[in-house]
Each structure stands twice: as C-alpha cells, then as structure tokens.
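Subject: A structure for you to look at

Hello,

I am handing over the structure we talked about, and I hope you enjoy looking through it. Please open it alongside this message.

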Amino acid sequence: TLTFRNPPEYDQTIISENLINKNKVEILTSDNSEQVHQYKYTLILEEGLWKIDKVAYSWMNWKSTRQNF
C-alpha cells in the first residue's frame, strides 16, 4: 500500500487563537524546524466553511499575502 506524510510546511503547532468576530479568526502557529518560523493565518467563515483569507510570515516581518483558492 502507499503511504504518505504531510509536507514539512504543514507540520505546525498552534500557539494562539484570536477570535476577531463570529466570522473571522486569527491563528498563530510555529513550525517544528530548526529555524523556528511563525505563521499568522486569518480565516473567514463563508457558507459554513472556514477558509484561509491571509497568511503572514514572521521571517518577512509579518508581511501577509492573500490566498486565492
């Protein structure tokens, strides 16, 4: 049978959660690599599903990018 693993960029630990309003939340995570990187995800609730709206990166001075899925 085939096996799989999550890519390293998905191996993250949630550090904190900040509820902005009932449809928006901000989550701070840290990866488990030697160079600890932090990520700040802004999620929005649309049609009953949580979607990533923005991602910010600690090594880029918290510059954020909008996600287009």
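Below is what I found in it, going from the overall layout to the details.

**The overall layout**

Please keep in mind that this is a predicted model. The protein has 5 strands and 0 helices, so its elements read β-β-β-β-β from the N terminus on. Of its 69 residues, 22% are buried. The surface it exposes comes to about 5,800 Å², and carbon and sulfur atoms supply 50% of that. Among contacts with a separation of 6 or more, 7% are between residues 24 or more positions apart.

**The sheet**

How are the 5 strands arranged? They form an open sheet in the order 1-2-3-4-5, with antiparallel pairing. Strand 1 (12-21) and strand 5 are the edge strands, each pairing on one side only. On average, neighbouring strands of the sheet are turned by 25 degrees against each other, direction ignored. As a general reminder, strands of a sheet pair through backbone hydrogen bonds, either parallel or antiparallel.

Two of the pairings are worth a visit:

- Strand 3 and strand 4 run antiparallel and are joined by 8 bridges. Glu46 stands opposite Leu49 in strand 4. The two strands form a hairpin with 2 residues between them, and Glu47 in the turn has a positive phi of about 55 degrees.
- Strand 4 and strand 5 pair in the antiparallel sense over 4 bridges. Val55 has Thr65 in strand 5 as its bridge partner, while Tyr57 has Lys63. This hairpin has 5 residues between the strands, and Asn61 takes a positive phi near 55 degrees.

**The core**

Which residues make up the largest nonpolar core? There are 7 in all: Val25, Ile27, Tyr39, Tyr41, Leu43, Val55 and Tyr57. Strand 2 (24-31), strand 3 (38-46) and strand 4 (49-57) are the elements that give two or more residues to this core. Strand 3 gives the most, with 3 residues. Two of the core residues, Val55 and Tyr57, have already come up above for their bridge partners in strand 5.

**The aromatic rings**

If you have time for one residue, I would suggest Tyr39. Leaving aside neighbours within four places in sequence, Tyr39 is in contact with Gln12, Ile27, Leu28, Thr29, Asp31, Ala56, Tyr57, Trp59 and Trp62. Two of these partners, Tyr57 and Trp59, return below as ring partners.

A pair of aromatic rings is described by the distance of the centres and the angle of the planes. The count in this protein comes to 4 aromatic pairs. Tyr39 and Tyr57 form one that is edge-to-face, at 5.9 Å centre to centre and with 80 degrees between the planes. Because Tyr39 lies in strand 3 and Tyr57 in strand 4, this pair ties together parts that are 18 residues apart in sequence.

Are these two residues buried or exposed? Tyr39 has 9% relative accessibility and so counts as buried. Tyr57, at 19%, counts as buried as well, because the cut-off for buried is under 20% relative accessible area.

Tyr39 also forms an edge-to-face pair with Trp59, at 5.3 Å centre to centre and with 85 degrees between the planes. This pair links distant parts of the chain, with Tyr39 in strand 3 and Trp59 in the loop between strand 4 and strand 5, 20 residues apart. Trp59 is partly exposed, with a relative accessible area of 43%. Taken together, ring pairs link Tyr39, Tyr41, Tyr57 and Trp59 into a cluster.

**The loop between strand 4 and strand 5**

One last stop is Met60, which is found in the loop between strand 4 and strand 5 (63-66). Met60 counts as partly exposed because its relative accessibility is 36%. The C-alpha atoms of Met60 and His37 are separated by 10.0 Å, and the two residues are 23 apart along the chain.

Happy browsing, and do write back with anything you would like to go through together.

Best wishes

Definitions and conventions
Residues are numbered from 1 along each chain as its sequence is written. This is a predicted model: local features need pLDDT of at least 70, side-chain atom pairs count only at pLDDT 80 or more; totals for chains, interfaces and linings use all residues. Side-chain values use heavy atoms; hydrogens and water are left out. A nonpolar core is a set of buried Ala, Val, Leu, Ile, Met, Phe, Trp, Tyr and Cys residues joined through side-chain atoms within 4.5 Å. Buried means under 20% relative accessible area, exposed over 50%, partly exposed in between (1.4 Å probe, protein chains only). Contact means heavy atoms within 4.5 Å. Two strands pair if DSSP finds at least two bridges between them. Axes are lines fitted to C-alpha atoms, for helices over the stretch in contact, and angles run from 0 to 180 degrees between N-to-C directions. Accessible areas come from the Shrake-Rupley method with a 1.4 Å probe; for residues, only the protein chains shown count as cover. Rings of Phe, Tyr and Trp (its six-membered ring) pair if their centres lie within 6.5 Å; planes under 30 degrees apart count as stacked, over 60 as edge-to-face and the rest as tilted.
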